[in-house]
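Please open the model in the viewer and keep the sequence panel visible. The tour proceeds from the whole chain to a pocket and then to a surface patch.

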Amino acid sequence: MHKIEGNITNRKELLKWGHIHFLEKKALIRLNRNSKMITGGVIEAPDGANILPYFIKNGEHFIVLVAQFRNAVETVTYEAPGGVIKPEEDVRESMARELAEETGVRVNHKDIQIIFKEYLLPSLTNAFGWGGIVQINKNDIPRGKEHGMP
């Protein structure tokens with residue numbers, strides 16, 4: 001079995017834009033008895049959270065997604081409501097806030113079930129992504145926000 005270890009030896013900020021930092025990091029990597037210095041670009045960003053609301057109608061489960069234009073991929077994506085976790089927020093509070101902001105649906109943050117926490121592109125960023133689900137009532141979706149609903 002191989003043992004790999006690494007230590008950051010140098011950290012240089014290249015650009016700061018809002019709450020996102022673009023860095024160059026150098027690390028000394030050791031694999032068994034061999035060592036190698038590597039340099040890589042890193043984006044330090046705040047953690048984010050997505051909430052997947054769902055409802056049940058006639059025994060079938062339906063999810064609620066939002067359509068948003070995303071500059072990074074230059075297209076409209078359909079995704080679970082979500083965004084950045086504010087420093088003063090609990091993860092579930094962030095999910096409830098994002099759900100209300102993006103869909104108008106309000107839920108008690110205590111009703112949200114956390115499903116996962118994972119690194120988002122660990123080769124590029126240090127940010128965690130959190131995912132949760134919550135059951136809602138279809139009637140809780142504000143009029144005009146129900147495009148494509150059964």
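Helices and strands are DSSP runs, with at least four residues for a helix and at least two for a strand, numbered from the N terminus. The model is predicted.

Begin with a cartoon of the entire protein chain, which contains one helix and ten strands. Following the sequence, one meets the order β-β-β-β-β-β-β-β-α-β-β.

Next, display the C-alpha atoms alone. Along the principal axes they fill a box of roughly 60 × 40 × 30 Å. The radius of gyration of the protein chain is 20 Å, whereas a compact globule of 150 residues would have one near 15 Å.

Now turn to the largest pocket, which holds about 1,000 Å³ of space. Select Ile20, Ala45, Arg70, Ala72 and Leu120, the closest to its centre among the 31 lining residues. Then colour strand 2 (20–31), strand 4 (48–57), strand 6, strand 8 (82–84), strand 9 (113–119) and strand 10 (128–135); each gives two or more residues to the lining. By residue class, the lining comprises 17 nonpolar, nine polar and five charged residues.

Finally, select Phe69, which belongs to strand 6 (residues 66–70). Add Ile63, Leu65, Val76 and Tyr78 to the selection: together with Phe69 they make a nonpolar surface patch of about 540 Å².

Note on methods:
Residues numbered from 1 in each chain as written. Predicted model: local features only at pLDDT ≥ 70, side-chain atom pairs only at ≥ 80, totals over all residues. Heavy atoms only, no water. Patch = residues over 30% accessible without salt bridge, like charges linked within 9 Å, V, L, I, M, F, W, Y side chains within 5 Å. Areas by Shrake-Rupley, 256 points an atom, 1.4 Å probe, with all protein chains shown as cover. Salt bridge = Lys/Arg side-chain N within 4 Å of Asp/Glu carboxyl O. 1 Å grid on protein atoms, 1.4 Å probe; cavity = no way out; pocket = protein on both sides within 12 Å on 5 of 7 lines; lining within 4 Å. Points joined across faces, edges and corners; volume = space filled by probe spheres on them. Nonpolar A, V, L, I, M, F, W, Y, C, P; charged D, E, K, R; others polar. Rg over C-alpha atoms; globule rule 2.2 N^0.38 Å.
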